[in-house]
Each structure stands twice: as structure tokens, then as C-alpha cells.
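Colleague: Could you walk me through one part of this model up close? I'd like the sheet and what sits around it.

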Amino acid sequence: MKIKALIALLLMGSMSMMAQKSYQLQSPDGKLHVTATVGNDIQFSFTHEGTEVLAPSTISMTLQDGTVLGENPKVSKVLKASVDKVIPSPFYKKSEVSDIYNEMTISFRGNYGLVFRLYNEGLAYRFFTKMKNDIIIADEKAEYNFSTDHKTYAPYVNSKKATFEEQYMNSFEQLYVHEAITKLNDKRLMILPFLVELDGGKKLCITESDLENYPGMFLNNTTDRPSLKAVHAPYPKVTKQGGHNQLQMLVQERENFIAKTKGTRSYPWRVFVVSANDKELADNDMVYCLASPSRVSDISWIKPGKVAWDWWNDWNIYDVDFRAGINNDTYKYYIDFASEHGIEYVILDEGWAVNLKADLMQVIPEINVKELVDYGKSKNVSIILWAGYHAFDRDMENVVKYYSEMGVKGFKIDFMDRDDQEIIDFLFRAGETCAKYKMLADFHGICKPAGLTRTYPNVINFEGVHGLENMKWATAESDMVTYDVTIPFIRQVAGPMDYTQGAMRNAARNNYRPVNSEPMSQGTRCRQLATYVIFESPLNMLCDNPSNYMREKECTEFIAGIPTVWDKTVALDGKVAEYVAIARQHGDVWYLGALTNWTPREIELDLSFLGDGNYKIELFKDGINADRAARDYKKETLPVPADRKLKIKMASGGGYAAKIYK
């Protein structure tokens with residue numbers, strides 16, 4: 001009996017192996033290889049020049065009726081294609097993007113399939129369904145397996161509450177922990193993008209693109225083996241107004257599914273960016289390429305630019321003869337400052353609408369929005385209004401139409417703090433409605449971007465970053481300096497980020513303290529200047545108050561003059577959590593930025609991208625005492641070295657910023 005049983009098991013295993021079939025695809029440069037294996041389930045794995053990126057990993061989708069797309073799958077058709085095209089990218093870090101990839105589409109019986117797409121820079125895959133009626137997705141399974149317990153840069157959700165249900169409410173702005181996969185806290189969710197350190201110094205950055213009509217993806221780890229699994233917030237069943245100033249919708253109960261959707265559609269791309277060296281992560285276009293094309297036919301009215309911002313500096317201006325605060329006199333002062341320095345926008349952040357009403361038609365007596373719009377127009381400065389999520393969503397069409405007709409140019413929409421399907425749908429509705437009335441949208445209190453800025457280019461910016469606002473209250477243990485040289489390789493891979501830099505009060509490592517009304521940054525003055533080059537942000541804030549800026553003429557002129565969208569980007573050098581250097585071109589002028597962590601650093605940058613000709617460099621470098629008095633800097637104008645080798649030196653927590661021109 002034992003011999004017969006053993007023979008039966010061997011035969012079953014042999015039949016299973018015979019039933020499995022593998023399908024391969026390689027990147028255009030031949031360095032990346034993906035293998036999709038179809039047997040009892042669907043698995044995929046891929047390598048980069050022989051280095052394992054992912055071990056065999058199982059993926060599937062489960063419908064509410066119990067159907068599992070990926071269980072005993074039967075292949076009906078496999079198609080391969082190659083694409084080499086150029087995508088215009090007018091509000092991006094380059095004016096056009098090369099979209100070059102090889103693609104494999106595997107269709108299965110049961111009206112579903114998978115698409116694998118390989119760029120030279122990484123892999124993406126997505127499910128699609130071709131079903132006649134609407135469907136409900138109970139869950140999407142993804143187990144990303146590794147043969148080695150790699151270290152990661154993992155951003156947990158803000159919430160430390162016990163259950164995942166309580167963690168789905170989250171502002172998506174968190175520092176990173178640097179731990180091996182099995183050492184991460186498996187009781188906490190982690191947000192995207194997520195970085196894995198592979199063998200040989202290579203990196204894997206996991207994120208997503210073309211996220212529409214579907215919840216965003218979290219990751220969770222296992223502690224018994226190196227594996228990450230996807231987690232999605234279930235669809236809200238019962239919501240209740242509450243939270244910050246009654247501007248949020250708090251989920252009281254959730255459904256037993258993650259999405260209800262059309263039966264014929266493609267699902268979000270799961271994106272795996274692979275880099276041979278860290279600097280490649282600082283200039284990657286996969287999320288943009290994978291997003292749906294623009295749905296706004298006329299984009300001529302979309303104007304990126306700078307914003308004089310009130311909230312971070314607590315409206316704390318001085319040397320004036322009126323009481324500063326949320327009133328028209330204060331905002332006219334901001335408008336005058338913006339006009340004098342060619343700054344395109346002034347934002348009215350939280351406080352202009354009556355508190356606790358969640359009604360954007362109720363304006364406090366101290367503010368006359370129409371008067372400010374007209375005054376700004378006379379000074380060539382436009383107005384953007386802050387809006388809490390529920391106040392905006394409850395009457396979206398009327399609010400956008402009303403303020404558009406008044407001359408307001410956009411909304412900064414805040415406190416969504418979720419990324420379930422309901423909120424992702426809201427982002428698209430808001431983008432579409434704002435586009436209809438030629439209004440910009442800047443999303444705060446929300447997850448990372450996932451391609452929406454291409455699909456609705458009037459969605460000009462996303463937060464989803466632990467930005468400078470946190471310096472108003474963070475303790476000295478909150479290490480923003482290290483964070484600043486980490487996000488260009490991780491969070492910024494997903495798209496633009498409203499970090500809100502520009503502090504004129506700067507603190508060396510031991511001098512920082514939180515001061516809500518007169519906040520300061522960690523690190524040097526030159527660090528703040530350099531972030532305007534390093535961080536991608538088509539709508540970029542000057543976070544400090546105009547009174548401070550007017551006392552710092554050189555620095556203010558420099559940051560006010562830096563573009564916010566670019567023709568070209570060149571990642572010059574960098575190492576995650578240590579330092580970064582990037583050059584960007586706008587017209588005939590190049591800008592250069594570099595940041596270091598708390599380690600003083602000297603690096604040599606290759607400027608051969610400039611080509612022939614004589615160039616000058618107008619530079620801002622850390623002063624000799626910048627490690628003690630962080631505001632210490634030196635400005636110089638010099639010829640660019642003929643050999644195009646530029647040596648720069650940065651203080652602890654320092655930076656370097658420059659403008660290069662013929």
C-alpha cells in the first residue's frame with residue numbers, strides 16, 4: 001500500500017509539473033527577465049542580469065461569488081509586443097518621456113488575463129477582465145517572495161492601532177525604518193513606495209500606477225520567511241462626518257470586498273523599479289509612462305508655479321502697521337510680496353471659511369475672497385483656496401463653479417486620509433470637475449500619486465510625504481535631514497510631492513526645536529535652496545513668511561526664480577539615506593542641487609551634460625560655520641571648469657545649489 005501511494009504521489013507531482021507552463025519576456029536591453037508560470041496557480045519571478053529580484057510569487061484576484069482568477073488557470077492566448085514611442089510631459093521633470101518596453105499579454109479562459117510589461121528600468125504587471133456585467137472584487141492576492149532576507153526602507157502607516165481596520169485611516173506621511181523583511185512589524189501596514197535592498201548594491205522600489213476605481217495597495221510582511229503581501233482597504237459601508245474640524249468622513253464599518261466595478265476593465269499596474277545604482281532611482285519615469293493619458297484636451301490654462309504660503313509661518317509677519325492674521329490686510333501683504341518676486345500664486349490655507357461648518361460658501365467676516373482675487377489680478381498674482389475634503393465633496397460642482405467664476409485658480413484639498421476605492425474615486429471626480437472649470441487641484445492628506453497627474457494634469461501636486469510642515473511640532477529625534485536624502489530614491493519615484501520647503505530659520509543638529517509660530521528647518525540654509533532643485537513639485541511653496549524673505553534678498557531671488565517644471569533631468573550621483581545630486585534644465589539654464597545627511601561630504605560632479613561652450617555657475621554653498629550657525633552660506637559666481645568636473649563641499653546637514661548658464 002505504501003509503495004502504491006508513493007507511486008501515486010509521484011505520478012501526481014509529475015502530472016503537475018507537466019501541466020505547468022512557463023512564459024518568458026525580457027526587457028529591451030536584455031538585462032531584465034520575467035518568467036510567468038501557469039500551473040495550479042499563477043506565479044511570476046524576475047531577475048536583473050542574473051540577480052534575483054523576486055522569487056516565484058503567487059498572484060490572483062477573488063470575486064465576491066468565490067471565483068478565483070488564477071486558480072487552475074487555462075491559457076487561451078499569449079501575445080507579445082514591443083513599443084518605442086515618446087510621450088509629451090508638459091508639467092513634469094522633463095518635457096518628453098521615452099516609453100520603450102516589451103509586453104506580454106496572457107489571456108485565460110474565464111474572460112480574464114494578465115499583462116506583463118518590461119522596461120529597461122523595471123517590471124509592471126496588471127490584471128484585466130472582460131466580463132459582461134459589473135463585478136465585485138473580494139480581494140487581490142499578491143505575495144512578493146525573496147530568497148534572501150533583504151533589508152528594506154519601510155514607511156509604516158502613521159497609526160499604531162492594533163488592527164488593520166484602524167490603520168486604514170492614515171495621512172501617508174511617515175519616516176522610514178531600515179530593517180530586514182522578517183524583522184519588520186507584521187502588525188503594522190506599510191505604505192508605498194517601498195524599497196528593498198537587493199544583492200550587489202541593486203535596489204527594488206515597489207509602487208503602483210494607473211490607480212483608478214480601485215483601492216490603493218499597502219504592504220505587510222511575514223516574519224517566518226522573507227515575503228511581502230498586498231493588503232487593500234475594504235470598501236466603506238458606513239461613514240460618519242467627523243475628524244479634523246468636521247472635515248473628514250470616518251469609516252464606521254466596511255464591506256467584505258475591496259472594489260465594486262465594471263466587469264470589463266484593466267486594473268492598476270503593480271510597479272517594480274529596479275536600479276543597478278541608487279542614482280537611477282532619482283530619475284525614473286515608469287509611473288508616468290504607465291498612467292492613463294491626459295483626459296484634458298486643452299491644457300493651455302494650466303499654469304505651474306510658486307506659491308507664497310501662509311500656514312507654516314503662522315501668518316507671523318512683522319514690520320507692518322496692521323494686525324497680522326487671517327484677514328485681507330495680511331493676504332494683500334502676501335500678494336505684494338509675490339508680485340514683487342514673480343511668484344504666481346498666494347494660497348489662503350485653513351481658516352478663511354467658517355470653522356466647524358464644512359461649508360465653503362460660509363466665509364469669515366475678516367476675509368473678502370473677491371476683493372483678494374481682484375487685488376491679486378491687478379498684481380499678476382492668482383489665488384488658491386484650501387478646502388477640507390468633506391466640505392469640498394459635499395457640494396463639489398457648485399463650489400468649483402462659484403469660485404472659478406470669481407477668478408480663483410485652484411483648490412488645495414486636504415484630509416482625505418484614506419485610499420480605499422471611495423477616496424480614489426473622489427480624486428478622479430475632483431480632478432475632472434476642476435478641469436471642467438479650469439481649476440488646479442493640489443491634494444493633501446492623501447496617498448502617494450499613482451499616475452493621476454498625467455491623466456488629469458490640472459492635478460498639479462500630491463502630498464503623501466513627511467514634509468517640512470512637521471517641523472512645527474516634531475521633536476529633535478525626528479530626523480528630517482536623513483529623510484530628505486531618502487525620499488528622492490523612494491517617495492519621489494511615485495511622482496511630485498508637496499514638501500513645502502523654503503525655511504529661512506535654519507538649525508544645526510543640536511539647535512533645532514519645535515516652535516509652532518516661528519518654525520525652523522533642520523540643516524543649513526543651502527539645504528533649503530537645494531531642495532527646490534532636488535524635489536519635484538510643479539506647484540511649489542515658499543513656506544516662510546514674506547517678512548523673513550525680504551530680509552534675505554539673495555536667497556529669496558534665487559528660489560523665486562527656480563522653475564517648477566523642466567525640460568531635462570540628469571541624476572548625477574547619490575546613495576539612499578546619505579546624499580543626492582541632481583541637475584535639471586529649463587530653457588537655456590541648468591540648475592543643480594545637492595544634499596547630504598548629517599555627515600559632512602565632498603563629492604565631484606560630472607557636468608559633461610553641458611556640452612561645449614563657456615559656462616558660468618552662480619552657486620550657493622555652505623559657509624565655513626554652517627555646521628554651527630546653519631544660516632551661514634556663501635554666494636559665488638565662477639566659470640564652470642573646462643574639464644566639467646565640479647568639486648563641491650557640504651557641511652553636516654548641508655546642501656549646495658547653483659544656476660549654470662552660458
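Modeller: Sure, let's start at one pair of residues: Trp386 has Lys412 in β25 as its bridge partner. This is a predicted model, so local features need pLDDT of at least 70 and side-chain atom pairs count only at pLDDT 80 or more, while totals for chains, interfaces and linings use all residues. Residues are numbered from 1 along each chain as its sequence is written, and side-chain values use heavy atoms, with hydrogens and water left out.

Strands β24 (residues 382-388) and β25 (residues 410-414) run parallel and are joined by 5 bridges; two strands pair if DSSP finds at least two bridges between them. Strands (E, at least two residues) and helices (H or I, at least four) are DSSP runs, numbered from the N terminus.

Zooming out, the open sheet has 7 strands in the order β27-β26-β25-β24-β23-β22-β30, with parallel pairing. Because β27 (459-462) and β30 (539-542) are at the edges with a single partner strand each, one side of each has no neighbour in the sheet. On average, neighbouring strands of this sheet are turned by 25 degrees against each other, direction ignored. Helix α4 (residues 328-340) packs on the sheet and touches β22 (305-308), β23 (345-348), β24 and β30; contact means heavy atoms within 4.5 Å. The direction of α4 makes about 160 degrees with that of β23. For such angles, axes are lines fitted to C-alpha atoms, for helices over the stretch in contact, and values run from 0 to 180 degrees between N-to-C directions.
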